[in-house]
Amino acid sequence: MRLSINGQICEASEGEYILNVARREGIFIPTLCYLSGCSPTLACRLCMVEADGKRVYSCNAKAKEGMNVITNTAEIDAEREAIMQTYCVNHPLQCGVCDKSGECELQNFAARMRVNSQKFAIKDSHKPHKKWGLINYDPALCIVCERCITVCKDKIGESALKTTPRGADQVAKELKESMPKDAFAVWSKFQKSLIAPSAGDVLECSFCGECTSVCPVGALVSSDFQYTSNVWELEKIPAANPHSSDCELIYYEVKPKGIGDRTKRIYRVNNEFHFGEINTAARYGFDFHNENAVKNEAKFEEIVHAFKQGEIKNIKFNSFITNEEALILERLREKFSLNLINEEAYAYATFLEEFSKFSGTSLYNGSFESIAKADFIVVAGSFLRYDSPNTGYKVNNALVMNKAGGLYFHPLGDEIVRSYSKNFDVIAHEPGAESKILLLLLQKFAKNLPAKLAEFSPSDLASELGVDESRLEALSANKQNSVLILGEDLYLSPHAKELAALAGAIQRYTDFKLVLIPPRTNSLGVAKICTLSNQPKSGKTLGYNEEGDFKFSVFEGDIDAGALNQQEGTFTSINKAVVPTNAALAHEGYFLNDLANALGLSARYTIDYTHELPQSSGFKAVKFDDLKNFYDNDGKAHRGYELENLSVVPQDDLDVSNFKAFGCKEAKILQNGGEICIYRANPIRHFSKFTNRTKLLNEVGALYASAEFLAKFKLDQNDAAIIKKGEDEIAILVKLDKDLSGEWAYLGDFDEKIRTDKIFKGARFANVQILRSKEASDE
């Protein structure tokens with residue numbers, strides 16, 4: 001449809017708000033409360049416009065064919081100025097020390113609307129500061145725009161904040177007749193409320209910090225950043241989240257440490273909050289580099305010599321690397337006939353390869369954009385908020401804004417996911433039932449399904465999974481945009497090959513858009529660039545940020561490697577986009593490219609490999625400096641480029657006869673010989689040893705358990721326990737995860753001192769014995 005805004009002809013989609021149309025067209029309409037992709041709250045009313053001669057609020061007024069919109073009139077300008085005056089009543093005069101000064105929207109709008117006098121006054125009330133861990137709240141600065149509440153509910157899905165009574169004098173009713181109507185309404189609401197945690201005095205959430213990002217003033221701020229810097233002194237370095245495969249756009253904000261030490265440090269991380277949320281690790285896990293890195297030339301030459309003499313036969317690494325580093329490793333493999341060892345990337349690459357055989361394409365066909373448009377969503381094989389928080393944000397947002405429905409399948413219960421929507425059913429199932437989930441989806445939604453796959457009864461499958469078939473039909477009825485999200489449980493299953501084939505068949509024979517969550521930051525890039533082996537060769541191993549005979553690592557290495565916040569390069573994100581990241585800090589040790597050059601490869605900079613990434617895997621011959629990294633006004637991402645999804649000749653010979661369930665034997669804990677099934681996952685704020693190296697996120701690992709698990713097995717918070725798997729055992733503390741439900745516990749690998757590989761041996765589920773330390777010693 002077409003409409004006119006200030007005489008400019010604009011295109012709009014059905015149901016689109018006037019404000020979003022204006023933003024896309026570069027037409028300014030002020031607002032302090034509206035967030036793109038969220039529900040309008042009408043808290044500030046500054047977005048008022050005149051539409052076909054009638055006053056409307058552009059954040060919740062939908063565009064219509066032929067509509068004529070005027071954004072500024074004398075009456076509207078006067079109303080906006082009055083609203084800004086009410087916001088400034090009793091607002092503390094502390095701009096000189098406020099953390100938001102210089103990027104404060106209240107400052108900016110007060111200046112823009114020429115607020116140079118004050119007509120209104122009211123008695124102030126005492127509002128003590130609140131300290132909520134990683135976040136501080138100054139209620140005196142709060143303008144109750146409700147952005148923090150909105151983003152937590154509509155995007156993050158935690159609803160951890162609410163309004164609470166201010167306990168202040170109310171605006172005199174007599175003023176209703178003498179002051180502008182909207183200004184009176186805004187002021188009256190403002191005087192009634194403040195912001196508070198939803199669960200009492202303590203803020204209980206994942207601390208993604210998105211509330212601090214969206215806050216237009218200095219009311220909500222990172223406790224670590226508060227009073228450390230003026231914002232205009234900070235240099236913003238555009239980059240990508242280095243910790244998880246969303247690879248969301250972030251800005252490292254840096255400046256020198258001080259007058260005497262001009263070495264730069266990262267003061268905080270920020271994001272484009274209207275369009276790209278970031279998780280806890282991305283926001284607070286920014287200082288994972290080695291400040292004491294040096295060049296150990298003797299050890300470097302020893303490693304080079306070991307390569308040239310054929311002593312090093314393997315490189316073991318993880319997927320917290322750039323695409324360019326992956327290409328360097330692949331070229332070293334070719335040059336020296338090495339085995340590249342990366343267990344999680346190998347599992348993901350193998351799954352993708354088998355998936356491609358039955359889907360007919362080299363990649364999955366879904367993305368975050370698919371989720372944003374979805375009206376029916378199924379998640380399976382992923383402990384969603386823990387494995388991929390940003391995917392959880394997108395799912396919640398679709399459920400809220402699109403009124404979507406769907407199913408969440410996982411053995412472990414998550415009470416936050418359960419609260420996303422009454423139309424998003426959480427189905428707990430036994431480990432190993434993933435094949436039944438995929439077969440059920442094929443039976444219910446496939447078109448022209450091969451006879452072999454059509455043999456299964458959807459009713460029997462639904463019954464075995466605990467799915468109400470009529471409920472499934474109701475949730476999926478008349479839906480136009482379906483998305484299936486699959487995760488690492490499938491890639492590491494003993495039946496990963498069969499599950500990959502089923503997933504490929506779903507993409508091929510149904511209307512589902514599929515998203516296969518890459519388990520680490522650049523698992524997809526590594527899978528597409530490197531030829532990986534599942535076993536090392538006989539000989540020595542170079543560990544690149546992993547253990548080995550020689551260790552090239554950010555921390556405790558024979559030679560010191562650069563961290564991802566010190567490197568230029570690209571990642572391949574969950575959206576199959578090759579996105580750039582930039583160096584925020586200098587590095588005094590070695591980069592992988594230094595080793596490559598010493599071994600006969602030749603590139604001045606690591607990013608000289610960017611345009612050489614393999615086009616046979618869907619990459620493009622684009623130089624690093626030609627890659628963009630920003631969002632435009634309507635949220636369109638201009639971030640690198642998307643991998644080409646190549647066609648593959650599909651197979652039909654899917655053998656389903658040997659599908660088997662891998663089950664954990666449920667046994668009573670604390671009994672001799674008894675076993676219980678536990679899960680491998682990191683707590684929601686962690687992804688790796690890198691996040692645990694950071695100042696704000698560092699913690700001692702634990703066995704994280706549900707309240708039901710603790711109660712059933714008579715364990716208490718911070719009890720010491722022993723986890724036994726055969727001859728291997730781990731001494732560990734037990735901690736409560738309040739969001740976890742069902743009789744489950746999980747153990748993460750983010751704490752390097754806890755050898756989870758002994759317990760899980762490459763799987764996600766393990767049968768173990770768990771004993772209290774005292775009982776273990778009694779044995």
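Good morning. I begin with two residues that are both buried: Glu253 and Arg268. The structure before you is a predicted model, and my topic today is its salt bridges.

Glu253 and Arg268 form such a bridge through their side chains, with 2.6 Å from N to O. Glu253 belongs to strand E12, residues 249-256, and Arg268 to strand E13, residues 264-270, so this pair ties together parts that lie 15 residues apart in sequence.

Let us turn to a pair in the helices. The side chains of Glu469 and Lys444 meet in a salt bridge at 3.0 Å, N to O. Here distant parts of the chain are linked: Glu469 is in helix H18, residues 469-476, while Lys444 is in helix H16, residues 434-445, and the two are 25 residues apart. Is Lys444 buried or exposed? Its relative accessible area is 24%, so Lys444 counts as partly exposed, given that buried requires a value under 20%.

Next, please find Asp511 and Lys447, whose side chains form a salt bridge of 2.8 Å, N to O. Both residues sit in loops. Asp511 lies between helix H20 and strand E21, and Lys447 between H16 and helix H17, with 64 residues separating the pair. Asp511 has a relative accessibility of 55% and therefore counts as exposed, since the limit for that class is over 50%. Lys447, at 45%, counts as partly exposed.

Finally, which residues are linked in a network of salt bridges? One such network joins Asp387, Glu488, Asp489, Arg520, Arg680 and Arg764. Across the whole structure, the search finds 48 salt bridges. Thank you for your attention.

How values were computed. Residues are numbered from 1 along each chain as its sequence is written. This is a predicted model: local features need pLDDT of at least 70, side-chain atom pairs count only at pLDDT 80 or more; totals for chains, interfaces and linings use all residues. Side-chain values use heavy atoms; hydrogens and water are left out. A salt bridge is a side-chain nitrogen of Lys or Arg within 4 Å of a carboxyl oxygen of Asp or Glu. Helices (H or I, at least four residues) and strands (E, at least two) are DSSP runs, numbered from the N terminus. Buried means under 20% relative accessible area, exposed over 50%, partly exposed in between (1.4 Å probe, protein chains only).
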